[in-house]
Amino acid sequence: KSNKESGYGRYDVMIIPKDQSKLGIIMEFKKIDDFMKDTTSEAAIKALKQIEEKKYETDLLARGIPAEKIQKYGFAFEGQKVLIG
């Protein structure tokens, strides 16, 4: 699913397993433009913070996916350069 509400906002991408014993994955993407002062590292950290602060895992937890089976990834893009946190 993409751009659905969960917790206090809208995540970018969520992979919801049909089997509750499998991993659920939350992905948040940040694009760095020329006018921004963030590095890819800082942007990836901000993406991960956003996942935590907005509690995007709420939907997965409500579906019975245990917290230890939820993986969270922050992606930062700067042109063709990508950093995953």
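I take a contact to mean heavy atoms within 4.5 Å. With that cut-off, I looked up how far apart in sequence the contacting residues lie: residues 24 or more positions apart account for 56% of the contacts with a separation of 6 or more in the protein. I note here that the model is predicted.

**Entry 1. Overall content**

I listed the secondary structure and found 2 helices and 6 strands. Along the sequence, I read the pattern as β-β-β-β-α-α-β-β. I then checked burial over the 85 residues of the protein, of which 33% count as buried.

**Entry 2. The sheet**

I asked in what order the strands of the open sheet lie. The order of the 4 strands is E3-E4-E5-E6, and their pairing is mixed. E3 (13–15) and E6 form the edges, since each of them pairs on one side only. On average, I find neighbouring strands of this sheet turned by 20 degrees against each other, with direction ignored.

I looked next at the pair E5 and E6. These strands run antiparallel and are joined by 4 bridges. Within E6, Ile84 is the residue that stands opposite Phe75. H1 packs on the sheet, where it touches E4, E5 and E6. I recorded an angle of about 145 degrees between the direction of H1 and that of E5.

**Entry 3. Helix H1**

I compared the span of H1 with expectation. The helix has 14 residues and reaches 20 Å from its first C-alpha to its last, close to the 20 Å expected at 1.5 Å a residue.

Which residues of H1 are buried? I find Thr40, Ala43, Ala44, Ala47, Gln50 and Ile51. They cover an arc of only 115 degrees around the axis, so they lie on the same side of H1. I recall that an α-helix has 3.6 residues a turn, so residues three or four places apart point the same way. The buried residues of H1 pack against strands E4 (24–31), E5 (70–78) and E6 (81–84).

**Entry 4. Lys55**

I looked up the backbone just after H1, where Lys55 takes a positive phi of about 55 degrees. Most residues other than glycine have a negative phi. Lys55 is not a glycine, and I therefore marked this residue for a check of its accessibility, which is 38% in relative terms and counts as partly exposed. Lys55 is placed in the loop between helix H1 (40–53) and helix H2 (58–62).

**Entry 5. The nonpolar core and Ile26**

I asked which residues make up the largest nonpolar core. There are 8: Tyr11, Met14, Ile26, Ile51, Tyr56, Leu60, Ile65 and Ile70. Ile51 also appears among the buried residues of H1.

I followed Ile26 further. With residues up to four places away in sequence not counted, Ile26 touches Tyr11, Val13, Met14, Ile51, Tyr56, Glu57, Leu60, Ile70, Gln71, Lys72 and Tyr73.

**Entry 6. Lys72**

I turned to Lys72 because it is listed among the contacts of Ile26 and, at a relative accessible area of 27%, is partly exposed. Lys72 is found in strand E5. Neighbours within four places in sequence aside, I find Lys72 in contact with Ile26, Leu48, Ile51, Glu52, Glu57 and Gly85. I also checked Lys72 against Glu28, which is 44 residues away along the chain; their C-alpha atoms are separated by 8.2 Å.

Conventions: Residues numbered from 1 in each chain as written. Predicted model: local features only at pLDDT ≥ 70, side-chain atom pairs only at ≥ 80, totals over all residues. Heavy atoms only, no water. Core = buried A, V, L, I, M, F, W, Y, C linked by side-chain atoms within 4.5 Å. Buried < 20%, exposed > 50% of the residue type's maximum accessible area, 1.4 Å probe, protein only. Expected span 1.5 Å × (residues − 1). Arc of directions from axis to C-beta. Pairing = 2+ DSSP bridges. Axes fitted to C-alpha atoms, helices over the stretch in contact; angles between N-to-C directions.
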